[in-house]
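Reader: Please take me through the helix packing and the pocket, with the criteria behind each term.

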Amino acid sequence: MATGSTEPPTPAPAPLRVVHDAEGADPAAAELAAGQFLEALGISTDSESLRGTPGRMARAYAELFSPRPFDLTTFPNDEGYDELVLARSIPLRSVCAHHMLPFVGTAHIGYLPGRRILGLSKLARVLEHFACRPQVQERLTKQVADWLQNQLEPKGVGVVIEAEHTCMTLRGVQATGATTMTSTLLGLLRSDARSRGEFLALTGLPR
């Protein structure tokens, strides 16, 4: 009778808990500063309609700068799936680091799986995590791609962001309707022409 050792299955790795560090936040000081900011611009907050505005400003920016915590849930790629996984048109909102004005748009995030696959909703969660800080679009695009590459170890990652920046459309040049597009391609999505072409075609970018 043949005997053989049966090894217990490898336990799944614990999901990475991704939490924003809000240490140093002071809501009361933010409200006071917002009131002083408005007064310095000649906007009185004495009227009934504006009396609560400093507090609303402080809470609004606190919300913009506070991504929700999440678990980076991954699963074994048991079927050896090696084709592109792409989440298209993920809504994006962030705040321009130069003027503290919002920019909004969409992101397309894709990857070629390696040993593990990612829960689809987590692509949007990763985007939110990095977008909920004062940002420039170029840095945001690369941060999302680099982080997914490091955490997931896929064969390739692609991130494309298209956004309208109110610091450009509402002030300064006032280029209403103008959008900015940025992309980061890593691994096979950068080096392999077929994979790169498929990703760019599905996101609507010229190849």
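Author: Angles under 35 degrees count as roughly parallel, over 145 as roughly antiparallel, 65 to 115 as roughly perpendicular and the rest as oblique. The model is a predicted one, in which local features need pLDDT of at least 70 and side-chain atom pairs pLDDT 80 or more, while totals for chains, interfaces and linings use all residues. Residues are numbered from 1 along each chain, and side-chain values use heavy atoms, without hydrogens and water.

Reader: Why are helix 3 and helix 4 called oblique to each other?

Author: Helix 3 (residues 121–131) and helix 4 (residues 137–152) cross at roughly 130°, and their axes come within 10 Å. Axes are lines fitted to C-alpha atoms, for helices over the stretch in contact, with angles from 0 to 180 degrees between N-to-C directions. Helices are DSSP runs (H or I, at least four residues) numbered from the N terminus. The angle falls in none of the named ranges, therefore helix 3 and helix 4 are oblique.

Reader: Which residues of helix 3 and helix 4 make the contact?

Author: Contact means heavy atoms within 4.5 Å. Helix 3 gives Leu123, Val126, Leu127, Phe130 and Ala131, and helix 4 gives Leu140, Gln143, Val144, Trp147 and Leu148. By class these are nine nonpolar, one polar and no charged residues. Ala, Val, Leu, Ile, Met, Phe, Trp, Tyr, Cys and Pro count as nonpolar, Asp, Glu, Lys and Arg as charged, and the others, Gly among them, as polar.

Reader: What makes helix 1 and helix 2 oblique?

Author: Helix 1 and helix 2 pack at about 120°, with axes 8 Å apart. That angle is also outside the named ranges, so the pair is oblique.

Reader: What lines the largest pocket?

Author: A pocket is an open set of points on a 1 Å grid, for a 1.4 Å probe, with protein on both sides within 12 Å along at least five of seven lines; lining residues have an atom within 4 Å of a point. The largest pocket is lined by 24 residues, with Ala30, Ala58, Tyr61, Ala62 and Phe65 nearest its centre. Helix 1 gives the largest share of this lining, eight residues. The lining divides into 15 nonpolar, three polar and six charged residues.

Terms used:
Helix = DSSP H or I, 4+ residues; strand = E, 2+ residues; numbered from the N terminus.
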